[in-house]
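This report describes a single protein chain, beginning with one strand and then widening to the chain as a whole. The sequence and structure come first.

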Amino acid sequence: VQLQASGGGLVQTGGSLRLSCTASGRAFRRTFTPSVMGWFRQAPGKEREFVSAITWSADSTYYTDSVKGRFTISRDGAKNTVFLQMNSLKPEDTAVYYCAAKRDRYDVYSPGDYDYWGQGTQVTVSS
């Protein structure tokens, strides 16, 4: 299973970015069917933190408090792709953003519970 994240970049405060995460690989949907896809971020010198998640069925979404009302997670099942629309970006959103996939729907907030990770995409918000 491979997760390819893209869409990061440099944006000014108040700007928007849309991150994408596409899953692929022979095992995907054959031996591994995700229940949840998540986005995490890690700023320099800080631990990786939960940002948002969505169930593969798209019946549930989750957000950390700091991004509620600004970020929207969505999924295109036909393309095996999860999106993170980020609006009203702030300098504190600056981090490397990672997408991840997990088999079950338990504890979507913990990075240690995810089974596969993408390579990360840099988001930089200038003040």
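In this predicted model, the side chains of strand S11 (residues 121-126) alternate between two faces. Thr 121, Val 123 and Val 125 point to one face and are buried. Gln 122, Thr 124 and Ser 126 point to the other face and are not buried.

Strand S11 pairs with strand S2 and with strand S9, as tabulated here.

| Partner of S11 | Direction | Bridges | Residue pair |
|---|---|---|---|
| S2 (residues 9-12) | parallel | 4 bridges | Gln 12 and Ser 126 |
| S9 (residues 95-102) | antiparallel | 3 bridges | Tyr 97 and Thr 121 |

Thr 121, which stands opposite Tyr 97, belongs to the buried face of S11. Ser 126, the bridge partner of Gln 12, points to the face that is not buried.

The chain that holds these strands has 11 strands and 0 helices, so its elements run as β throughout from the N terminus on. Of the contacts between residues at least 6 apart in sequence, 57% join residues at least 24 apart.

As for overall dimensions, a compact globule of 127 residues would have a radius of gyration near 14 Å, and the chain agrees, with 14 Å. Its C-alpha trace spans about 45 × 30 × 25 Å along the principal axes.

Buried residues account for 43% of the 127 residues. The chain exposes about 6400 Å², of which carbon and sulfur atoms supply 45%. There are 15 positive and 11 negative side chains, and the centres of these two sets lie 8 Å apart.

Key: Residues numbered from 1 in each chain as written. Predicted model: local features only at pLDDT ≥ 70, side-chain atom pairs only at ≥ 80, totals over all residues. Heavy atoms only, no water. Rg over C-alpha atoms; globule rule 2.2 N^0.38 Å. Buried < 20%, exposed > 50% of the residue type's maximum accessible area, 1.4 Å probe, protein only. Contact = heavy atoms within 4.5 Å. Areas by Shrake-Rupley, 256 points an atom, 1.4 Å probe, with all protein chains shown as cover. Lys, Arg positive; Asp, Glu negative; His and termini not counted. Charge placed at Lys NZ, Arg CZ, Asp CG, Glu CD. Pairing = 2+ DSSP bridges.
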